[in-house]
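I am opening a notebook page for this protein, and I want to write down what I looked up, step by step.

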Amino acid sequence: MKSTGLKFPSDATGRTVGFLFLALIPLVTLVPYINLMPLWLTQDFLLRWVSVVVFFLCLGKTLVHSKPPSALSLDFPNLLLLLLAFWVLLSVLNSKEAFDSFYAYRSFLALVLFWFSLRLVWGTWPELFPWFERVFYGTALVAALWLILTTVGHGLGITFFMNATIPRQGTFPNQNIAAGFLGMALLWGLRQKLNRRPVSWPGLALLLLAWGLTESRGAFFFLAAVVILYLVLHMREIEEILSKWDSRKWFYFGGAVLFIAVCLSWMVNRVFTGETTDPRAYFRIDVWVSSFKMVWAQPLFGFGPGTYGDVYPYYRPVWLWNTSNPFAHNEFLQVAAECGLPALLLVLLLLGAFLREFYFSVRKAPLLGNAGSNLQTVNLAFFLLLFEALHNSVDFTLDRKS
């Protein structure tokens with residue numbers, strides 16, 4: 001992508017925050033997940049300490065020059081997040097696996113601090129956001145390229161890739177997390193392209209190919225649903241655009257549709273043949289039934305964050321006696337099982353508050369045009385959050401690399 005006169009914060013605090021925050025994206029995403037080596041612990045370490053350092057740098061900057069920032073006021077999302085942190089702490093205190101629960105809670109607190117850090121960063125140094133977009137997209141391209149190489153390497157049986165230290169799904173813990181991350185990058189790239197911003201077609205093609213190779217059925221269905229919703233909301237504008245196309249543009253469009261069909265063929269094939277190629281994937285309904293039993297066994301505080309895998313064997317079906325499952329394949333059910341129904345209610349309220357706030361911008365931002373950058377960003381955030389929330393209902397996509 002070409003430079004568009006990006007500005008970086010001129011003050012020392014802003015530069016420090018910018019470098020730490022931007023470096024965190026590739027470091028957390030591109031550190032590989034290897035079962036034999038706990039390299040993912042590096043991600044936890046980085047996320048926690050960078051969140052703490054960035055938060056206090058931002059807070060110190062705002063307190064020195066002004067009164068307490070509005071980002072720290074008790075508005076509805078902040079209040080819900082603090083209530084959720086308090087309730088999860090109560091769940092930790094009631095957990096029979098205190099070590100695992102406190103470990104998970106520290107990671108959750110890092111995310112809470114990171115949320116407040118983001119609000120402080122964008123309010124104090126808004127010029128960092130274009131840098132964030134480019135670092136995020138560049139990281140996604142690198143991750144996509146490595147995922148393609150590892151998938152092809154495993155498929156062809158190339159010796160270099162056929163070992164436990166190079167998993168098929170690239171740097172991601174599993175294909176679902178890869179599909180969620182790459183799907184959001186793909187949505188971002190397409191939105192930029194529609195707004196005539198510098199995003200290359202080869203880059204989008206690379207993302208689409210890597211996303212298709214994940215073979216994630218949940219990502220396939222819900223990204224398709226989000227794209228269809230987007231097209232329906234902008235139907236009139238799309239009709240006007242298509243009416244002005246000449247034969248050359250229709251020819252290019254046909255080639256793009258063919259390429260998309262090829263990339264999605266792996267996902268579509270797994271939809272129809274998954275029962276044969278991966279029978280365990282169809283145990284998901286039984287896992288959800290077990291998760292409901294866990295929720296009703298401890299509906300108030302749950303069994304404690306990070307304990308799902310330890311408790312699941314007591315509630316799994318008898319005929320699955322030899323299977324272990326550390327995740328519920330549904331982030332909402334896992335929240336309820338680990339931290340109780342009140343925690344799930346707070347999560348749903350928080351998600352609903354975001355989607356409601358973002359949705360109003362969807363109706364205001366045109367498909368093409370010169371709408372303000374803030375309006376376009378919030379518009380995109382609605383679809384990214386909607387995609388991830390829907391995907392979370394059938395897969396686990398927030399483990400470590402969310």
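Before counting anything, I noted that helices here are DSSP runs of at least four residues and strands are runs of at least two, numbered from the N terminus. I also reminded myself that this is a predicted model. With that in hand, I looked up the protein chain and found 15 helices and 0 strands.

**Entry: the whole chain.** I checked burial next, and of the 402 residues of the protein chain, 45% count as buried. For the surface, I wrote down that the protein chain exposes about 20600 Å², with carbon and sulfur atoms supplying 70% of that area. Turning to contacts with a separation of 6 or more, I found that residues 24 or more positions apart account for 76% of them.

**Entry: the core.** Which residues touch the most other members of the largest nonpolar core? The core has 89 residues, and the three that I was looking for are Leu182, Leu207 and Trp211. Helix H6, residues 175–194, gives the largest share of this core, namely 10 residues. I then followed Leu207 and, leaving aside its neighbours within four places in sequence, found it in contact with Tyr137, Ala140, Leu141, Ala144, Leu182, Ala185 and Leu186. In this way Leu207 touches Leu182, and both of these residues are on the list for the core.

**Entry: aromatic rings.** I counted 25 aromatic pairs. One of them joins Trp245 and Trp250, which meet edge-to-face at 5.1 Å centre to centre, with 70° between the planes. I asked why this pair is called edge-to-face, and the reason is that planes over 60 degrees apart are given that name. Are these two residues buried, exposed or partly exposed? Trp245 counts as partly exposed because its relative accessibility is 25%, and Trp250 is likewise partly exposed, at 41%. Elsewhere in my notes is a cluster linked by ring pairs, made up of Phe21, Phe114, Trp122, Phe129, Phe132, Phe136, Phe172 and Phe181.

**Entry: a pocket.** I looked up the second largest pocket, whose volume is about 1900 Å³. Its lining is made of 42 residues, and Leu190, Leu194, Trp201, Phe253 and Ile260 lie nearest its centre. The elements that each give two or more residues to this lining are H6, H7 (201–213), H8 (217–233), H9 (235–243), H10 (247–277) and H15 (373–392). Which helix gives the largest share of the lining? I found that H10 does, with 10 residues. I closed the page by noting that H6 belongs to this list for the pocket and also gives the largest share of the core.

Definitions and conventions. Residues numbered from 1 in each chain as written. Predicted model: local features only at pLDDT ≥ 70, side-chain atom pairs only at ≥ 80, totals over all residues. Heavy atoms only, no water. Buried < 20%, exposed > 50% of the residue type's maximum accessible area, 1.4 Å probe, protein only. Contact = heavy atoms within 4.5 Å. Areas by Shrake-Rupley, 256 points an atom, 1.4 Å probe, with all protein chains shown as cover. Phe/Tyr/Trp six-rings, centres within 6.5 Å; stacked < 30°, edge-to-face > 60°. Core = buried A, V, L, I, M, F, W, Y, C linked by side-chain atoms within 4.5 Å. 1 Å grid on protein atoms, 1.4 Å probe; cavity = no way out; pocket = protein on both sides within 12 Å on 5 of 7 lines; lining within 4 Å. Points joined across faces, edges and corners; volume = space filled by probe spheres on them.
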